[in-house]
Amino acid sequence: QVQLVESGGGLVQPGGSLTLSCVDSGNSFRFNAMGWYRQAPGKQREMVAVIMRAGSTNYADNVKGRFTISRDNVKNTIYLQMNNLKPEDTAVYYCKREALATQGAIWGQGTQVTVAS
């Protein structure tokens, strides 16, 4: 069953901005670290950003200073604000509920982001 639903992907010009959202319909959101990952055609899936339950964050080196991850524990939603987008940011972006000691990780279905002129 679907528990994570991403939205906000689309086509954007280089240098433009886009915000992705992910709604978690589960019942443990406030306890989970949440992350955004991406996968370009022919490439391995990579971590983009992770936000811990208390709000601390980690970013991949190639998005630092351009992307911001945030969470709203009332709405059970995480966001990825992407600024100064580059063609190499083109990928399917996936939301992930990180694993807890007693619960495995859960992935969303992905949303396509295309950066092109």
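Contact is taken here to mean heavy atoms within 4.5 Å. In this predicted model, Val63 touches Arg38 and Val48, residues up to four places away in sequence being left out of the count. Val63 is placed in the loop between β6 (57-59) and β7, and with a relative accessibility of 0% it counts as buried. Val63 and Val48 are 15 residues apart along the chain, and their C-alpha atoms are separated by 7.1 Å.

Val48 is also among the residues with the most contacts inside the largest nonpolar core, a set of 26 residues; the others named for this are Trp36, Phe67, Leu80, Met82 and Tyr93. At least two residues of this core come from each of β3 (18-24), β4 (34-39), β5 (46-51), β7 (67-72), β8 (77-82), β9 (91-97) and β11 (111-115). Beyond four places in sequence, the residues that Val48 touches include Trp36, Phe67, Leu80 and Tyr93, as well as Arg38, Asn58, Tyr59 and Val63.

Strand β7 has two faces: Phe67, Ile69 and Arg71 form the covered one, and Thr68, Ser70 and Asp72 the uncovered one. The strand runs antiparallel to β8, to which it is joined by 6 bridges. Ser70 has Tyr79 of β8 as its bridge partner. The hairpin of β7 and β8 has 4 residues between the strands, and Asn76 in this hairpin adopts a positive phi near 55 degrees. Alternation is also seen in β1 (residues 4-7), where Leu4 and Glu6 point to one face and are buried, whereas Val5 and Ser7 point to the other and are not. β1 pairs with β3 in the antiparallel sense over 4 bridges, with Ser21 of β3 as the bridge partner of Ser7.

The model contains 1 disulfide, which joins Cys22 to Cys95 at an S to S distance of 2.1 Å. The link is left-handed, with -85 degrees about the S-S bond. Because Cys22 belongs to strand β3 and Cys95 to strand β9, the pair ties together parts that are 73 residues apart in sequence. Both cysteines are buried.

Strand β9 also holds Lys96, which counts as buried at 13% relative accessibility, the limit for this class being under 20%. The side chain of Lys96 makes a polar contact of 3.1 Å with that of Glu98. Residues touched by Lys96 more than four places away in sequence include Leu4, Met34, Tyr37 and Trp107.

Salt bridges number 6 in the structure. In one of them Arg38 is joined to Glu46, the closest N and O atoms being 2.7 Å apart. Arg38 counts as buried at 4% relative accessibility, whereas Glu46, at 30%, counts as partly exposed. Arg38 also meets Asp89 in a salt bridge of 2.9 Å, N to O. Arg38 lies in strand β4 and Asp89 in the loop between β8 and β9, so this pair ties together parts that are 51 residues apart in sequence. Asp89 is buried, at 0% relative accessibility. Through shared partners, salt bridges join Arg38, Glu46, Arg66 and Asp89 into one network. A further salt bridge links the side chains of Asp61 and Lys64 at 3.3 Å, N to O, and both of these residues are exposed.

Key
Residues are numbered from 1 along each chain as its sequence is written. This is a predicted model: local features need pLDDT of at least 70, side-chain atom pairs count only at pLDDT 80 or more; totals for chains, interfaces and linings use all residues. Side-chain values use heavy atoms; hydrogens and water are left out. A nonpolar core is a set of buried Ala, Val, Leu, Ile, Met, Phe, Trp, Tyr and Cys residues joined through side-chain atoms within 4.5 Å. Buried means under 20% relative accessible area, exposed over 50%, partly exposed in between (1.4 Å probe, protein chains only). A polar contact is a pair of N or O atoms within 3.5 Å; within protein, one must be able to donate a hydrogen and the other to accept it, and residues adjacent in sequence count only if both atoms are side-chain atoms. Two strands pair if DSSP finds at least two bridges between them. A disulfide is a pair of cysteine sulfur atoms within 2.5 Å. A salt bridge is a side-chain nitrogen of Lys or Arg within 4 Å of a carboxyl oxygen of Asp or Glu.
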